Amino acid sequence: MCTSLTTCEWKKVFYEKMEVVKPADSWELIIDPNLKPNELAPGWKQYLEQHASGRFHCSWCWHTWQSAQVIILFHMHLDHSRRMGSVRMRVFKQLCYECGTARLDESSMLEENIEGLVDNLITSLREQCYGEDGGQYRIHVASRPDSGPHRAEFCEACQEGIAHWKPSEKLPEEEATTDTFSEASRPRAQAGSGYNFLSLRWCLFWASLCLLLGYLQFSFRSSAFL
């Protein structure tokens, strides 16, 4: 049974997508708030999602806040002989910094964000459990507003020793794309500068010629009247 709307949405999206990707195998998704990073039973694999964002709700003071640094931990296992797999999932919570309550509150995510996060999970699952090429990871699964420094003392993931990706930093994929674009565009920019300079010279030449012709024509008419 689902414990929250967000949990129900996670399971719904995961089961629908796995039915398409691996219809011959049976998979289950279990929410495990006690899941520990890098503590794996034999045969289990780990995937850590660091590019998620969500909205947290404090059940004590009703304060809500957006976080661009939501960490999600997955442990995965596939029994090939029985064709049954299991995914255990933990969304790390955050402490409300308004009321300072000791309660770490649940986060919620938009449906389209969950879709992208599940795609990333399945990509990792195919690579680690099936030995397949899972495809491209979706980096921009959610908007990540940089609202200031991350407050580690209020973050459950930080207390577990998990390092965060910072929204103000470029991702390696983004840096590579930017560098490639810059290198490719540099010769064009140089060539374009030469072309513009040449065009400017010709514009000045034709403008001067037109002025000269106009002056000569005016002078000719003036002398004709005289």
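In this predicted model, the side chains of Lys-12 and Glu-16 meet in a salt bridge, with 3.5 Å from N to O. Both residues belong to helix α1, where they stand four residues apart, about one turn of the helix. Lys-12 is partly exposed at 40% relative accessibility, and Glu-16 is likewise partly exposed, with a relative accessible area of 45%. This contact is one of eleven salt bridges that the structure holds.

Other salt bridges join parts that lie apart in the sequence. Asp-32 and Arg-88 meet through their side chains at 3.2 Å, N to O. Asp-32 sits in the loop between β1 (26–31) and β2 (45–57), while Arg-88 is in strand β4 (residues 84–91), so this pair ties together parts that are 56 residues apart in sequence. The two partners can be told apart by their surroundings: Asp-32 is buried, with a relative accessible area of 14%, whereas Arg-88 counts as partly exposed at 27%.

Strand β4 also contributes Arg-90, whose side chain forms a salt bridge with that of Glu-156 (3.5 Å, N to O). Glu-156 lies in helix α3 (residues 156–159) and Arg-90 in strand β4, so the bridge ties together parts that are 66 residues apart in sequence. Here Glu-156 and Arg-90 are both buried. Elsewhere, salt bridges with shared partners join Lys-17, Glu-115, Asp-119 and Arg-138 into one network.

These contacts can be placed within the overall fold. The protein has four helices and seven strands, and their order along the sequence follows the pattern α-β-β-β-β-β-β-β-α-α-α. Of its 226 residues, 34% are buried.

Aromatic side chains provide a further set of contacts. A search of the whole structure finds six aromatic pairs. One of them is formed by Trp-10 and Phe-74, a tilted pair with 6.2 Å centre to centre and 55° between the planes. Trp-10 lies in helix α1 (residues 5–21) and Phe-74 in strand β3 (residues 64–79), so the pair ties together parts that are 64 residues apart in sequence. Both rings belong to buried residues: the relative accessible area is 3% for Trp-10 and 0% for Phe-74. Ring pairs also bring in Tyr-47 and Tyr-137, which are linked with Trp-10 and Phe-74 into a cluster. A ring can meet a charge as well, as shown by Tyr-130: the charged end of Lys-22 sits over its ring, 4.2 Å from the centre.

Turning to the cysteines, a search of the whole structure finds zero disulfides. A disulfide is a covalent bond between the sulfur atoms of two cysteines. For Cys-61, the closest cysteine sulfur is in Cys-96, 3.7 Å away, which is too far for a bond, given that a disulfide requires the sulfur atoms to be within 2.5 Å. Cys-61 is partly exposed, at 31% relative accessibility. Cys-158 is also partly exposed, with a relative accessible area of 22%.

Finally, the surface carries a nonpolar patch formed by Leu-212, Leu-213, Tyr-215 and Leu-216, which together have about 430 Å² of accessible area. Among these residues, Leu-216 is found in helix α4 (residues 172–225). Leu-216 is partly exposed, with a relative accessible area of 47%.

Note on methods: Residues numbered from 1 in each chain as written. Predicted model: local features only at pLDDT ≥ 70, side-chain atom pairs only at ≥ 80, totals over all residues. Heavy atoms only, no water. Phe/Tyr/Trp six-rings, centres within 6.5 Å; stacked < 30°, edge-to-face > 60°. Helix = DSSP H or I, 4+ residues; strand = E, 2+ residues; numbered from the N terminus. Buried < 20%, exposed > 50% of the residue type's maximum accessible area, 1.4 Å probe, protein only. Lys NZ or Arg CZ within 6 Å of the ring centre and 35° of its normal. Patch = residues over 30% accessible without salt bridge, like charges linked within 9 Å, V, L, I, M, F, W, Y side chains within 5 Å. Areas by Shrake-Rupley, 256 points an atom, 1.4 Å probe, with all protein chains shown as cover. Salt bridge = Lys/Arg side-chain N within 4 Å of Asp/Glu carboxyl O.
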